[in-house]
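Please open the structure in a viewer and keep the selection panel at hand. The stops below say what to select and what is to be found there.

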Amino acid sequence: MKIKDIYIELCVEDNFIGIGSTRKVYKYNDMVIKRFLHPIGYKQGINEQYMYDFLEKESLAEHVAKVTYLDEQILIQPYFKPLPLENGCSYELDLIHDSRLTDDLKHAIHLIDSKLDGFDFLDSGNYGLNDKGNLILIDYGMTKQLYENEWVPLAESGILPQIFYNECVICGLKKELIMYGDWDSDYRCVQCGKE
């Protein structure tokens, strides 16, 4: 059995920890498996590999999650403890004053933004915590160009989901819901069965 097949077999509901518009995330032991739901997810994986390699040459790679395996279906990275949600949602980080954000990570974010077209550095859901309590960028493969040219048109047409804060009709909790366009009337959260 190939290593990829072993990883894919680990992508089961008991290991599920999160979902976005293009990737579904599973945790097994000390690793994260990002399974691509859409070709844009794979492009994000390629970008993460490229950005990690770039930061490694700048001696800044320890501040982002390393890509340890990548193919057309999955990406493997080390697991970092997620930041706690606020009211069931991710939130905007203060990239200037957050004490968990090291100067080296700020520099890495600046390079990803200015040299590699990086995007979406304020969302707390894109970070984890290392064993020292410092922020580690764990989801960093979306670029401005990929977002504007590919993601936005698909999201606006309802092909890729967007995240909205609303009440789940099953559990009754107000939280982030994945919605497929304005006509999507399925107001269930992921935990209550919506993908």
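Select Asp-184 and Lys-194 in this predicted model: the two form a salt bridge whose closest N and O atoms are 2.6 Å apart. The pair links distant parts of the chain, with Asp-184 and Lys-194 both in the segment after strand S10 (174–179) and 10 residues apart. Is Asp-184 buried or exposed? Its relative accessibility is 12%, and it therefore counts as buried, the limit being under 20%. Lys-194 is buried as well, with a relative accessible area of 4%.

Next, select Asp-186 and Arg-188. These residues also form a salt bridge, and here the closest N and O atoms lie 2.8 Å apart. Asp-186 has 25% relative accessibility and counts as partly exposed; Arg-188, at 26%, counts as partly exposed too.

Move now to Glu-48 and Lys-34. The salt bridge between them has its closest N and O atoms 3.5 Å apart. Glu-48 lies in helix H2 and Lys-34 in strand S3 (residues 31–36), so the pair ties together parts that are 14 residues apart in sequence. Both Glu-48 and Lys-34 are buried. Add Arg-23 and Asp-139 to the selection: together with Lys-34 and Glu-48, they are linked in a network of salt bridges. In the whole structure, a search finds 8 salt bridges.

Asp-139 leads to the next stop, Asn-126, since contact with Asp-139 is among those listed for Asn-126. Asn-126 is found in the loop between helix H3 (103–116) and strand S7 (127–129). Its relative accessible area is 5%, which means that Asn-126 is buried. Which residues does Asn-126 contact, leaving aside its neighbours within four places in sequence? They are Asp-120, Ile-136, Leu-137, Ile-138 and Asp-139. For Asp-120, display the backbone oxygen: it lies 2.8 Å from a polar atom of the side chain of Asn-126.

Continue with the sheet by selecting S6, S7 and S8. These 3 strands form an open sheet in the order S6-S7-S8, with antiparallel pairing. Strand S6 (81–82) and S8 are the edge strands, each pairing on one side only. S7 and S8 pair in the antiparallel sense over 3 bridges. To see one bridge pair, select Leu-129 and its bridge partner in S8, Leu-135. Then show H3, which packs on the sheet and touches S7 and S8; the direction of H3 makes about 20° with that of S8.

With these elements on display, turn to the nonpolar cores. How many residues does the largest nonpolar core have? It has 27 residues, and those with the most contacts inside it are Leu-55, Ile-109, Ile-112, Tyr-127, Leu-135 and Leu-137. Helix H2 (39–57), H3, S7 and strand S8 (135–137) are the elements that give two or more residues to this core. H3 supplies the largest share, 6 residues. Apart from this core lies another one, of 13 residues, among them Ile-8, Cys-11, Phe-16 and Ile-74.

Return to Leu-135 and display its surroundings. Not counting residues up to four places away in sequence, Leu-135 touches His-63, Leu-83, Leu-93, Asp-98, Arg-100, Leu-101, Leu-105, Tyr-127, Gly-128 and Leu-129.

From there, centre the view on His-63. Where is His-63 placed? It is in the loop between H2 and strand S4 (69–70). His-63 has 8% relative accessibility and so counts as buried. With residues up to four places away in sequence again not counted, His-63 touches Thr-102, Asp-104, Leu-105, Leu-135, Ile-136 and Leu-137.

The last stop concerns backbone conformation. Most residues other than glycine have a negative phi. Select Ser-59, found in the loop between H2 and S4. Ser-59 has a positive phi of about 60° although it is not a glycine, and this residue is exposed, with a relative accessible area of 59%. Finally, select Asn-29, in the loop between strand S2 (23–28) and S3. The phi of Asn-29 is near 55°, a positive value in a residue other than glycine. Is Asn-29 buried or exposed? The relative accessible area of Asn-29 is 55%, and the residue is therefore exposed, the limit being over 50%.

Notes: Residues numbered from 1 in each chain as written. Predicted model: local features only at pLDDT ≥ 70, side-chain atom pairs only at ≥ 80, totals over all residues. Heavy atoms only, no water. Helix = DSSP H or I, 4+ residues; strand = E, 2+ residues; numbered from the N terminus. Buried < 20%, exposed > 50% of the residue type's maximum accessible area, 1.4 Å probe, protein only. Polar contact = N/O pair within 3.5 Å; in protein donor to acceptor, adjacent residues only side chain to side chain. Contact = heavy atoms within 4.5 Å. Core = buried A, V, L, I, M, F, W, Y, C linked by side-chain atoms within 4.5 Å. Pairing = 2+ DSSP bridges. Axes fitted to C-alpha atoms, helices over the stretch in contact; angles between N-to-C directions. Salt bridge = Lys/Arg side-chain N within 4 Å of Asp/Glu carboxyl O.
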